[in-house]
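Visitor: I'd like a close look at one part of this protein, the largest pocket and what surrounds it. Could you walk me through it?

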Amino acid sequence: MERLSLAKDQSRIVILSAAKDLVPPPAAREQAASILARAPTENRTSLLESEVKALLAAYGARIPRETLCTSPTEALAAGQILGKACVLKIVSPDISHKSDTGGVRVGVLPAEVGTVFEEMLAEVHTRQPTARILGISVQELVHGQEVIIGGLRDSEFGAMLMFGLGGVFVETLRDVAYRLVPVSANELRAMIHEVRGYPLLTGIRGHAAANLEKLIELLQVTAHLLEAFPEIVELDLNPVFAGPEDAVVADGRAVLAESTKASS
């Protein structure tokens, strides 16, 4: 008999079908440990966006196609390979909030990538002249319902997972749900249903419904990372775009414990 889980959605009881627990790829933990080991050797307690995405990809998560470019020519070529509007982001170990320094441009046409590369580099240098710039990432532009996934470590309760809808839902309404790690796939499905903005994931006003199974898988990947690597003290995947085919992590940041050593 199929197992069911129950979740309260305001005054209604929602019956949720059983979800499948994710089994990480055999090499995932080793690959993730190797990625985490880089930061301490460079005296960093935070990961680059590309490193966060590499952690997630090791566990099977979907990330946008992207290329790190160090010149306008490289950026232009990367944009032409994508062949459609793309995203440009500054890459620096000294800049965690890229948009605050002018380090993010969305919807850049392939023919404009080289010019925007130069403009962005100049603006970031003006706003944060001492920042070390590794280049600019030219990324695939993804679409879907914007959500946020987070992880943190509480001194009393340990690792916790957070989920909510992005934008005003998390910034103003604090419409989020939490679970302690480890957590089952069934509990994660219930967690998604708990947020007040859940109907937006079901497809309203002509928008396609989000693939909840892929969203649950991404939540499981995040939970696996928090459980396997205690040196990760904070994980912020924002935004994540939940579409009809997949849940794609468009940006992410992670904070490591001081004097951390990657788990073996």
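Guide: Here is a walk from the whole protein to the pocket, and then to a few backbone oddities.

This is a predicted model, so to speak of a local feature a pLDDT of at least 70 is needed, and side-chain atom pairs count only at pLDDT 80 or more, while totals for chains, interfaces and linings use all residues. Residues are numbered from 1 along each chain as its sequence is written, and side-chain values use heavy atoms, with hydrogens and water left out.

First, the overall picture. The protein has eight helices and 13 strands; these are DSSP runs numbered from the N terminus, helices being H or I with at least four residues and strands E with at least two. Of the 264 residues, 47% are buried, where buried means under 20% relative accessible area, exposed means over 50%, and partly exposed is in between (1.4 Å probe, protein chains only). Take the contacts with a separation of 6 or more: 64% of them link residues 24 or more positions apart. Contact here means heavy atoms within 4.5 Å.

Now the pocket. The largest pocket holds about 860 Å³ of space, and 38 residues line it. Nearest its centre lie Glu-49, Lys-89, Lys-98, Asp-251 and Gly-252. Elements giving two or more residues to the lining include helix 3, strand 5 (86-91), strand 7 (135-140), strand 11 (232-242) and strand 13 (252-256). As for the terms, the search runs on a 1 Å grid over the protein atoms alone: a pocket is an open set of points with protein on both sides within 12 Å along at least five of seven lines, a cavity is a set where a 1.4 Å probe fits but cannot get out, and lining residues have an atom within 4 Å of a point. Points are joined across faces, edges and corners, and the volume is the space filled by probe spheres set on them.

Glu-49 is a good place to zoom in. Glu-49 belongs to helix 3 (residues 49-58) and is buried at a relative accessible area of 12%. Leaving out residues up to four places away in sequence, Glu-49 touches Lys-89, Lys-98, Gln-139, Ala-250, Asp-251 and Gly-252. Its side chain also makes a polar contact of 2.6 Å with that of Lys-53. That term means a pair of N or O atoms within 3.5 Å; within protein, one must be able to donate a hydrogen and the other to accept it, and residues adjacent in sequence count only if both atoms are side-chain atoms. An α-helix has 3.6 residues a turn, so residues three or four places apart point the same way. Helix 3 is mostly covered, with seven of its ten residues buried, among them Glu-49, Val-52, Lys-53 and Leu-56. Just after helix 3, Gly-60 takes a positive phi of about 100°.

Strand 11 brings in Pro-239. The peptide bond from Asn-238 to Pro-239 is cis, with omega near 5°. Pro-239 counts as buried at 19% relative accessibility, and touches Val-249, Ala-250 and Asp-251, among others. Pro-239 and Asp-251 are twelve residues apart in sequence, yet 5.8 Å apart in space, C-alpha to C-alpha.

A second cis peptide bond joins Val-181 and Pro-182, with omega about 5°. Pro-182 sits in the loop between strand 10 (176-180) and helix 7 (185-194).
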